[in-house]
Amino acid sequence: MGAEKQILICGGGNGAHVLAVLASRHGFRVNVLTLFEREAKVWNEAIDKTDGYITAKRIDTSQEFKARVNAISAKPGDV
């Protein structure tokens with residue numbers, strides 16, 4: 001069996017959000033590092049409300065994609 005695929009996304013903006021969903025849906029274990037404590041807090045509060053999932057929605061079709069993120073933090077040692 002192969003090694004687990006992992007990705008560390010640096011940043012917490014819109015692009016990071018979409019990449020986290022896409023990577024998770026393609027089998028990656030996703031960790032997010034944002035150096036802004038408030039941004040990490042917002043991400044974590046949002047996923048706490050949705051059983052650990054984040055979503056992204058296509059503008060053209062309104063199709064929603066749901067995925068799980070392993071860890072989100074402003075501390076590099078946590079991710």
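This report describes the strands, helices and selected residues of one predicted model.

**The parallel sheet**

Three strands make up an open sheet in the order S1-S2-S5, and their pairing is parallel. Strand S1 (6-10) and strand S5 (71-73) are the edge strands; each has a single partner strand, so one side of each is left without a neighbour in the sheet. On average, and with direction ignored, neighbouring strands of this sheet are turned by 15° against each other. In general, the strands of a sheet pair through backbone hydrogen bonds, in either a parallel or an antiparallel manner.

The pairing of S1 with strand S2 (residues 29-33) is parallel and comprises 5 bridges. Within this pairing, Gln-6 has Arg-29 of S2 as its bridge partner. Two helices pack on the sheet. Helix H1 (residues 14-25) touches S1 and S2, and its direction makes about 175° with that of S1. Helix H2 (residues 37-48) touches S2 and S5, and its direction makes about 150° with that of S5.

**Ser-73 in the edge strand S5**

Strand S5 contains Ser-73. Is Ser-73 buried or exposed? Its relative accessibility is 9%, and because buried means under 20%, Ser-73 counts as buried. The side chain of Ser-73 takes part in a polar contact with the side chain of Asp-78, at 3.1 Å. In addition, a polar atom of the Ser-73 side chain lies 2.9 Å from the backbone nitrogen of Lys-75. When residues up to four places away in sequence are not counted, Ser-73 touches Val-32, Leu-33, Thr-34, Ala-40, Asp-78 and Val-79.

**The antiparallel hairpin**

Strand S3 (residues 53-57) shows an alternation of side chains. Ile-54 and Ala-56 point to one face and are buried, whereas Tyr-53, Thr-55 and Lys-57 point to the other face and are not buried. S3 pairs with strand S4 (residues 64-68) in the antiparallel sense, over 5 bridges. In this pairing, Tyr-53 stands opposite Arg-68 of S4. Together, S3 and S4 form a hairpin with 6 residues between them, and Ser-62 in the turn has a positive phi of about 60°.

The loop between S3 and S4 also holds Arg-58. With a relative accessible area of 38%, Arg-58 is partly exposed. Its contacts, not counting residues up to four places away in sequence, are with Gln-63 and Phe-65.

**Charges over rings**

Which rings have the charged end of a lysine over them? The table lists two such arrangements.

| Charged residue | Ring | Distance from ring centre |
|---|---|---|
| Lys-5 | Phe-28 | 4.8 Å |
| Lys-66 | Tyr-53 | 5.4 Å |

Tyr-53 thus appears again, having already been met as a residue of S3. Aromatic rings do not pair with one another here: the structure holds 0 aromatic pairs.

**Distance in sequence and in space**

Two pairs of residues show how separation along the chain may be set beside separation in space. Arg-58 and Val-18 are 40 residues apart in sequence, and their C-alpha atoms are 10.0 Å apart in space. Val-42 and Asp-60 are 18 residues apart in sequence, and 26 Å lie between their C-alpha atoms. Of these residues, Val-42 belongs to helix H2, where a relative accessibility of 40% makes it partly exposed.

Conventions. Residues are numbered from 1 along each chain as its sequence is written. This is a predicted model: local features need pLDDT of at least 70, side-chain atom pairs count only at pLDDT 80 or more; totals for chains, interfaces and linings use all residues. Side-chain values use heavy atoms; hydrogens and water are left out. Two strands pair if DSSP finds at least two bridges between them. Helices (H or I, at least four residues) and strands (E, at least two) are DSSP runs, numbered from the N terminus. Axes are lines fitted to C-alpha atoms, for helices over the stretch in contact, and angles run from 0 to 180 degrees between N-to-C directions. Contact means heavy atoms within 4.5 Å. Rings of Phe, Tyr and Trp (its six-membered ring) pair if their centres lie within 6.5 Å; planes under 30 degrees apart count as stacked, over 60 as edge-to-face and the rest as tilted. A charge sits over a ring if NZ of Lys or CZ of Arg is within 6 Å of the ring centre and within 35 degrees of the ring normal. Buried means under 20% relative accessible area, exposed over 50%, partly exposed in between (1.4 Å probe, protein chains only). A polar contact is a pair of N or O atoms within 3.5 Å; within protein, one must be able to donate a hydrogen and the other to accept it, and residues adjacent in sequence count only if both atoms are side-chain atoms.
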